[in-house]
Amino acid sequence: MDDTKLFSYHDLVIRACDVECLQPGQWLNDQCIELYLLYLQHEVHAPPDILFVPPSTTFLVLHGGQEVAASIMDSMDVSSRSTIFFAINNSTNMEVAMEGTHWSAMVVDRRTQTCTHYDSIPGMNARIAMRLKDIIAHVMGMRISSVNECTAQQGNSYDCGLFCLATAARLVSENMPSSLVGANQDDADTSALLLQHSAVTSRFQDLNSRMMLDFRQKLADWTSSRSMQAVIHLFQGPASIFGTALLGLCVLCALLMNELTKKKKGTVSVALQAKEVEAQEEEEDGRDQCTLVFGTQTGTAEKFAKTLKSQLESAYGSTTAFHVVDAEQYKAQERLSKETLVIFLVATYGDGEPTDNAVELHDYLVEESGKVDYAELPLDGVSFAVFALGNRQYEHFCSMGKTVHKCMTELGATPLLAMGTGDDDDDIDRDFDEWSAKFFEALKDSELFEAGVTAQVTTESVPAYSIQKIMDAPASSVNKIINGRGDNVHSPYLAEVTCVKELHGDASDRSCVHVEVDISGSQTGYEAGDHIGVYPENSKDVVKKAAELLGKPLDFCFSMTKDDRFEDLGEVFLPGAMTLEFALTHFADLLSSPSKAALKMLSAFATDAKERERLVTLCSVDGVAEYDAYVHVPKRSLLEVLEDFPSAKPTIGAFFGSISPRLQPRYYSISSSPKVHPTSVHITCAVVRDLMPTGRVHNGVASTWLARVRVGQKIPVFLRSSSFKLPQNRNAPVIMVGPGTGFAPFRGFIQDRRADSTSAEMLLYFGCRHRDHDFIYEEEMKSAVEDGTLSKLELAFSREGKAKNYVQHHIEKDGSHLWSLLSNKKNPGYLYICGDGKHMAKDVNRVLHHIVEKEEGCSGNQAEAIVKKMADQGRYLKDVW
């Protein structure tokens, strides 16, 4: 069954914005700003450039292009197009925020990519102006390089407001006469002032009274009496011309909205209405409800959450509805106390930190548990379970999961079973399977839910995005990536690549690349030791093969929207048109192993009975051993699975919605310092090429992509703060252990210390295989020794002699001196380890314990306590993988 819907690119899809939350007199806030993101969507130009807010509110933005107006007016059979829509052409546009007697306006000049914010009170709307700038850039698909602040210097707030608005109107009308600035219903004097400008007034001269009466009647049939009174007030006095235009806009959007409702009954387009409907649907469902909350940095916790949901539905689906929710979207304050059972699958990032999407959940639980009144526990009667993901190489293993478990217990909730832990340093999939088995036993004994098997999954029940096929999209509007701030995972900045070079010697059979990107246009910065996240791309060969297996051409063009029936779907990739090639390249994780949940969804599309039966077995609770043998152990990729089951051809919407995980960003330790490179971030990346048990040569998605990028290409990146930083005391001794690409953050440390001209001791232990093969940044290290930045450079070349020679051997040799630095009472040193966590970091940690035992003359347990104290003090830090 094909889930695409064919429509012409010039048809309109309209969504209205419900802004009941905003009443006249309220200050402009972030909730109001977010209305920009709920703009009316159309397919004439991308990105969309129309926003409609009902006239009863105090906030209005109006901008649109000539072709947009023409398309809408043709369908309305209205001749006087200019009376309602006003062209922006690519010149200048205005955004106006109207708040009673206080005014602010923003003029955006597309030619210079700058904007000017006019404010009646100094600094009153400065924060809002910055948010507006970001949203305007998003909507218009442009980058705004700067914001100029202008404030009226005379008169009171009201007079200053008039001055600001009139000044902005004058600037706009001079540059582009077809723009309009309007006022709300309570400021007739201001409207009159603006309408004195002939360039604005001339836009409304041809609007006759017959049309106005017709508009009034249509509006009366659509809106409530209260809203009608608010709008009719616009037609009284000097504001009548502006009121007529605004009324026309309201009627236009109302009619189009009504038409859409007729065509697609039950569609929920308003954010607040969507929440109400979602709550209502849960109540009407009649089944028990259970929520699975995931906090993830790399997608593993999300994969486990969806797998667990699939297994739960197989056993309890007819009596219980299970919902997978991103921790960032979970409203703990509203929902926790109402849960029967809530399951947390949460990862720990770095050295004990919550993942980016779970920070708010973490902070809320910690805050609430800290003020709990034990006489009245808020979560009494709520049951919960926690599966924590982490890496035992870090001191604070599974810290996030432990925090969630502790806080939930303190708040009165009852644990269904002991917290499970998954170790990414070992076999985290096996850990999850073992915990899942215990979880199902505990759930059965608890009798929280009544057992009841769901019907077999069908193509209609597979959560899928709604896909609209697009026939004649202009090339300029397809595959448009929005340029973000670069300060978080949701807002990547398109950074220009300025340098790509190979670091290994010609004799090496491996590869390691150095990449530099320009972040001067972003809205973020970094420190030495921070991380950069990059969104990689799949190779052309992989993408081509995936399209063949899906049975669609690479140039298949479509837009994607969420289907209201499937609440677990993530946000759409792009708001506009994209080709299948683009979607597979940027958003599909094709080379990772598929989860059991994905195999279950894939089984619905298998037309061959044997293939379907095999897929159902692999994803079943009893099929753990078979899944392990077929998928987990051989590391079989999703692409290989699709090849093995040729009759299973999912729709595009189902493939991206339920079968292919979203391609996750990759994180790299930044190998530069902002003190030397303030507008540039350097990446040091070992290119991954491995032979898989299935015989497939696995080329690392991100590393081979970074090796392919070229100077001048723009790639999506964002920066993330890390706790792996130089000590604040610039005179503290620093010991760095970083073989191979583990040297990356230390390259930034060295640049940092050189810039500070500090004479503090700085020791580096670096290792690689061969001096002539993979001694990366050799000249830079030697230069740091010559200029005194590095007081000691110890090199370990593991493959040059008969015996293996690793960094831990050199650390053990220098044990006495190193411990004298680390144990100095007046100026204690810091130890940093970066690189391989499975072997090197463990070996170095073991050697460190031996050094402590020897130098302190203590037992193994005492040495362990001393090392732990160093870690707790932030003087023993790891950045390992």
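Student: In what order do the 5 strands of the open sheet with parallel pairing stand?
Tutor: In this predicted model, the pairing throughout that sheet of 5 strands is parallel. Neighbouring strands in the sheet are turned against each other by 10° on average, when direction is ignored. Read across the open sheet, the order is S27-S26-S25-S28-S29.

Student: Which strands stand at the edges of this sheet, each with a single partner strand?
Tutor: The sheet is open, and its order runs S27-S26-S25-S28-S29. A strand at the edge has a single partner, so one side of it is left without a neighbour in the sheet. The two strands in that position are S27 and S29, the latter spanning 876-880.

Student: How many bridges join S25 to S26, and which residue of S26 does methionine 736 stand opposite?
Tutor: Strand S25 covers residues 734-737 and runs parallel to S26, with 4 bridges joining the two. Within this pairing, methionine 736 stands opposite a residue of S26, and that residue is leucine 764.

Student: What is the handedness of the crossover from S25 to S26?
Tutor: The two strands run parallel, and the chain passes from S25 to S26 through helix H24, which spans residues 744-756. This path forms a β-α-β crossover, and its handedness is right-handed.

Student: On the other side of the pairing question, which residues of S27 are the bridge partners of leucine 763 and glycine 767?
Tutor: S26 and strand S27, residues 792-797, pair in the parallel sense over 6 bridges. Together with helix H25, residues 778-786, these two strands make a right-handed β-α-β unit. Leucine 763 has lysine 792 as its bridge partner in S27, and the partner of glycine 767 is alanine 796.

Student: Are the faces of S26 covered or uncovered?
Tutor: Strand S26 comprises residues 762-768, and 7 of its 7 residues are buried. On one side lie Met762, Leu764, Phe766 and Cys768, and on the other Leu763, Tyr765 and Gly767, every one of them buried. Both faces of S26 are therefore covered, given that buried means under 20% relative accessible area.

Student: Which strands are the edge strands of the open sheet of 6 strands?
Tutor: That sheet has antiparallel pairing and the order S20-S17-S24-S15-S16-S21, and its neighbouring strands are turned by 40° against each other on average, direction ignored. One of its pairings, between S17 (residues 531-534) and S24 (residues 714-720), is made over 4 bridges, with glycine 533 standing opposite phenylalanine 718. An edge strand pairs on one side only, and the two that do so here are S20 (666-669) and S21 (680-686).

Student: Which helix lies across S15, S16, S17, S20, S21 and S24?
Tutor: The strands in question belong to the open sheet with antiparallel pairing. The helix that lies across them spans residues 701-708 and runs at about 70° to S20, and its name is H23.

Student: Why is H11 called oblique to H18, and what are the classes of the residues in their contact?
Tutor: The axes of H11 (residues 300-316) and H18 come within 7 Å and cross at roughly 55°. Angles from 65 to 115 degrees count as roughly perpendicular and those under 35 as roughly parallel, so this crossing makes H11 oblique to H18. The contact is made by Lys306, Thr307, Ser310, Gln311, Glu313 and Ser314 of H11 together with Lys596, Ala597 and Lys600 of H18. By class, these comprise 1 nonpolar, 4 polar and 4 charged residues.

Student: Which elements do the buried residues of H17 pack against?
Tutor: Helix H17 is mostly covered, with 7 of its 8 residues buried, and among the buried ones are Leu580, Phe582 and Phe587. The buried residues of H17 pack against helix H16 (540-550), strand S18 (557-561), strand S19 (578-579) and helix H22 (652-659).

Student: Is alanine 588 buried or exposed?
Tutor: Alanine 588 lies in the loop between H17 (580-587) and H18 (596-603). Its contacts, not counting residues up to four places away in sequence, include Asn538, Phe656 and Leu663; another residue it touches is Phe655, which is 67 residues away in sequence and 9.0 Å away in space, C-alpha to C-alpha. With a relative accessible area of 0%, alanine 588 is buried.

Conventions:
Residues are numbered from 1 along each chain as its sequence is written. This is a predicted model: local features need pLDDT of at least 70, side-chain atom pairs count only at pLDDT 80 or more; totals for chains, interfaces and linings use all residues. Side-chain values use heavy atoms; hydrogens and water are left out. Buried means under 20% relative accessible area, exposed over 50%, partly exposed in between (1.4 Å probe, protein chains only). Contact means heavy atoms within 4.5 Å. Two strands pair if DSSP finds at least two bridges between them. A crossover is right-handed if, with the strands pointing away from the viewer, the path from the first strand over the helix to the second runs clockwise. Axes are lines fitted to C-alpha atoms, for helices over the stretch in contact, and angles run from 0 to 180 degrees between N-to-C directions. Angles under 35 degrees count as roughly parallel, over 145 as roughly antiparallel, 65 to 115 as roughly perpendicular and the rest as oblique. Ala, Val, Leu, Ile, Met, Phe, Trp, Tyr, Cys and Pro count as nonpolar, Asp, Glu, Lys and Arg as charged, and the others, Gly among them, as polar.
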